[in-house]
Amino acid sequence: MAYQTLIVEIEDSVALIRLNRPDALNALNSQLLGELAEALKALDSNDKVRCIVLTGSDKAFAAGADIKEMADKSFVDMFGSDYFAPEGEAILRVRKPIIAAVSGYALGGGCELAMMCDFIICSETAKFGQPEINLGVIAGIGGTQRLTRFVGKSKSMDMHLTGRFMDAAEAERSGLVSRVVPPAKLVPEALAIAKKIAEKSALTVMAVKEAVNRSYETTLREGVLFERRLFHALFATEDQKEGMGAFLEKRQPQFRDR
Ligand code: CAA
């Protein structure tokens with residue numbers, strides 16, 4: 001499938017999606033988000049793919065929703081089309097893990113898109129921000145909710161109210177990103193992590209993703225119960241027998257997703 005705003009490559013069970021609107025610093029317009037939703041859906045049902053990496057360019061992961069596309073829209077346009085909700089929902093429905101690899105700007109919708117992925121690694125040049133306040137609006141694809149869960153109320157309020165940017169060191173310190181690497185190593189490192197995940201049982205990987213994401217949606221008690229039931233259910237799989245058997249036999253497990 002050819003896309004105009006994305007470059008998609010698949011190698012060794014890992015798909016790499018590059019956002020590709022260089023003239024607009026990968027600003028998220030309807031076409032790009034529509035293609036991204038379509039590409040993710042296709043990769044999710046592609047048996048050759050076990051993990052997905054989403055990245056941008058050295059200068060920008062994405063500099064936000066496309067201001068040129070939005071500037072003249074009315075409330076009726078935005079509310080009537082539920083602007084960006086279907087694309088956001090499509091990203092969240094993906095069952096395979098998605099790693100965001102961020103270099104340069106991840107602002108507004110760009111920061112929100114990175115936070116919709118399962119985890120974020122970034123390069124030393126990364127700059128995260130929710131500068132919508134400077135445009136007379138607020139975040140619209142989850143920023144006020146997700147950033148607050150990542151970095152806490154105080155920092156989230158600071159970011160949303162002032163529109164300031166957070167650098168890579170602060171992002172790592174605050175729990176927004178899991179690792180910081182030199183710019184040239186960003187994509188190779190993200191692909192190496194993805195390949196490591198691709199070696200695990202796809203069933204367990206999906207269970208981890210469901211259980212960790214459930215922690216955002218429910219009480220601690222219900223989340224722990226959900227986790228325990230998934231843990232119990234995995235004892236019905238061949239991969240549990242293989243994983244534990246391989247440990248006891250001091251060999252590498254050969255998972256078969258069963
Ligand atoms: N939408 C549309 N175009 C954008 C864009 C955006 N969000 N961000 C950058 N661009 C375009 C610029 O208009 C410019 O295009 P032209 O050459 O045609 O003028 C090109 O990308 C390069 O940008 P700059 O010349 O501004 O580059 P810079 O290096 O001087 O600055 C920047 C980089 C600080 C990221 C600056 O571009 C910027 O502040 N961008 C806007 C960031 C922003 O406000 N994002 C939030 C958008 S609203 C949102 O995302 C709502 C939501 O939650 C859904």
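Buried means under 20% relative accessible area. The model discussed here is a predicted one.

Q: At 7% relative accessibility, does Asp-66 count as buried or exposed, and what is the class of Arg-21?
A: Let's start with the cut-off: a residue under 20% is called buried. Asp-66 has 7% relative accessibility, so it falls in that class. Arg-21 shares this class with Asp-66, and the word for both is buried.

Q: Which parts of the chain are tied together by the salt bridge of Arg-21 and Asp-66, and how many residues apart in sequence are they?
A: The side chains of these two residues meet in a salt bridge, with N to O at 2.8 Å. Arg-21 sits in the loop between strand E2 (14–19) and helix H1 (30–44), while Asp-66 sits in the loop between E4 and H2, so the pair links parts of the chain whose separation in sequence is 45 residues.

Q: How many salt bridges does the structure hold, and which residue forms one with Arg-95?
A: The structure holds 12 salt bridges. In one of them, the closest N and O atoms are 2.9 Å apart, and Arg-95 is a partner there. Arg-95 lies in the loop between helix H4 (85–92) and E5, and its partner lies in helix H10 (residues 202–217), so the pair ties together parts 115 residues apart in sequence. That partner of Arg-95 is Glu-210.

Q: Is Glu-210 buried, partly exposed or exposed?
A: The partly exposed class runs between 20% and 50% relative accessible area. Glu-210 has 32%, which means that its class is partly exposed.

Q: Which residues are linked in a network of salt bridges?
A: One salt bridge joins Asp-158 and Arg-164, with the closest N and O atoms 3.1 Å apart. Asp-158 is partly exposed at 28% relative accessibility, and Arg-164 is partly exposed at 26%. The network that links them has these members: Lys-155, Asp-158, Arg-164 and Glu-170.

Q: Which residues come nearest to the ligand?
A: There are 23 residues around the ligand. They divide into 13 nonpolar, four polar and six charged. Those that come nearest are Lys-59, Ala-65, Gly-109, Glu-112 and Glu-132.

Q: What percentage of the ligand's accessible area does the protein cover?
A: Backbone atoms meet the ligand at several places: a backbone N or O atom of Ala-65 lies 2.8 Å from a ligand oxygen, and one of Gly-140 lies 3.0 Å from a ligand oxygen. A polar backbone atom of Ile-67 is 2.9 Å from a ligand nitrogen. On its own the ligand has 990 Å² of accessible area, and the share covered by the protein is 65%.

Q: Which element gives the largest share of the shell around the ligand?
A: Helix H2 (67–70), strand E6 (105–107) and helix H5 (109–116) each supply at least two residues of this shell. The largest share is three residues, and they come from H2.

Q: How many of the eight residues of H5 are buried?
A: The buried residues of H5 include Gly-109, Glu-112 and Leu-113. H5 is largely enclosed by the rest of the structure, because the number of its eight residues that are buried is eight.

Q: What is the area of the nonpolar surface patch that includes Val-137?
A: Val-137 lies in the loop between strand E8 (127–129) and helix H6 (143–151). At 44% relative accessibility, Val-137 is partly exposed. Together with Ile-67 and Leu-135, Val-137 makes a nonpolar surface patch of about 260 Å².

Terms used. Residues are numbered from 1 along each chain as its sequence is written. This is a predicted model: local features need pLDDT of at least 70, side-chain atom pairs count only at pLDDT 80 or more; totals for chains, interfaces and linings use all residues. Side-chain values use heavy atoms; hydrogens and water are left out. Patches are made of residues with over 30% relative accessible area and no salt bridge: like charges are joined within 9 Å, nonpolar side chains (Val, Leu, Ile, Met, Phe, Trp, Tyr) within 5 Å. Accessible areas come from the Shrake-Rupley method with a 1.4 Å probe; for residues, only the protein chains shown count as cover. A salt bridge is a side-chain nitrogen of Lys or Arg within 4 Å of a carboxyl oxygen of Asp or Glu. Helices (H or I, at least four residues) and strands (E, at least two) are DSSP runs, numbered from the N terminus. Buried means under 20% relative accessible area, exposed over 50%, partly exposed in between (1.4 Å probe, protein chains only). A residue is near a molecule or strand if one of its heavy atoms lies within 4 Å of it. A polar contact is a pair of N or O atoms within 3.5 Å; within protein, one must be able to donate a hydrogen and the other to accept it, and residues adjacent in sequence count only if both atoms are side-chain atoms. Ala, Val, Leu, Ile, Met, Phe, Trp, Tyr, Cys and Pro count as nonpolar, Asp, Glu, Lys and Arg as charged, and the others, Gly among them, as polar.
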